[in-house]
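Visitor: I'd like a close look at just one part of this, please. Take it slowly, as I'm new to reading structures.

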Amino acid sequence: MKRSETAFLIVSGFWAFIGIVCPLLVQFCMGKSANKGVVQLMFVMTAVCCYLFWFCAFLFQLNPLIGPKLESNLIRVMQYEWDGIDPTHIHHGEA
């Protein structure tokens, strides 16, 4: 399983717990309290809103629409530092 799939499942499970299990626990723990419905609604709305926000951020990072704009000199320095490719020995015919 990929890291993105693992993160998706863990966070989805967490917010499902908050949005489904917590309101059920409130049903049994608060008895006949006048605020029971408000607390249940609070858990459900919190879970839905936070999950939707996280899901959008997750998808935007998974497939970005635009990337960073880098100058060619900076790209050559990054190739040299990260991959050990010497930019002075690169021929135009090689990739």
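Guide: Let's start with a ruler: the expected span of a helix is 1.5 Å times one less than its number of residues. Helices here are DSSP runs (H or I, at least four residues), numbered from the N terminus. Now try the ruler on H2, our part for today: with 27 residues at 1.5 Å each, H2 should span 39 Å, and its end C-alpha atoms are 39 Å apart, so the two agree.

A quick word on what you're looking at. This is a predicted model, where local features need pLDDT of at least 70 and side-chain atom pairs count only at pLDDT 80 or more, while totals for chains, interfaces and linings use all residues. Residues are numbered from 1 along each chain as its sequence is written, and side-chain values use heavy atoms, with hydrogens and water left out.

H2 covers residues 36-62, and its axis comes within 8 Å of the axis of H1 (residues 3-29), crossing at roughly 170°. (Axes are lines fitted to C-alpha atoms, for helices over the stretch in contact, with angles from 0 to 180 degrees between N-to-C directions.) That's why H1 and H2 count as roughly antiparallel to each other, a label for angles over 145 degrees. The residues of their contact split into 18 nonpolar, 6 polar and 1 charged. (Nonpolar means Ala, Val, Leu, Ile, Met, Phe, Trp, Tyr, Cys and Pro; charged means Asp, Glu, Lys and Arg; the others, Gly among them, are polar.)

So who's tucked away on H2? Lys36, Gln40, Ala47 and Phe58 are buried, meaning under 20% relative accessible area with a 1.4 Å probe, protein chains only. These buried residues of H2 pack against H1. Zoom in on glutamine 40, which sits in H2. Its relative accessibility is 18%, so glutamine 40 counts as buried. Skip its neighbours within four places in sequence, and glutamine 40 is in contact (heavy atoms within 4.5 Å) with Pro23, Val26 and Gln27.

Now look across at the partner. On H1, the buried residues are Ser12, Trp15, Ile18, Gly19, Cys22, Pro23 and Val26, and they pack against H2. H1 also bends by about 30° at phenylalanine 17; the bend is the angle between axes fitted to the seven residues ending there and the seven starting there. Following H1 you'll meet glycine 31, with a positive phi near 60°.

Finally, step off H2 into the loop between H2 and H3, where you'll find asparagine 63. At 59% relative accessibility, asparagine 63 counts as exposed, since the cut-off for that is over 50%. From there to tryptophan 82 it's 19 residues in sequence and 24 Å in space, C-alpha to C-alpha.

Note on methods. Helix = DSSP H or I, 4+ residues; strand = E, 2+ residues; numbered from the N terminus. Parallel < 35°, antiparallel > 145°, perpendicular 65-115°, else oblique.
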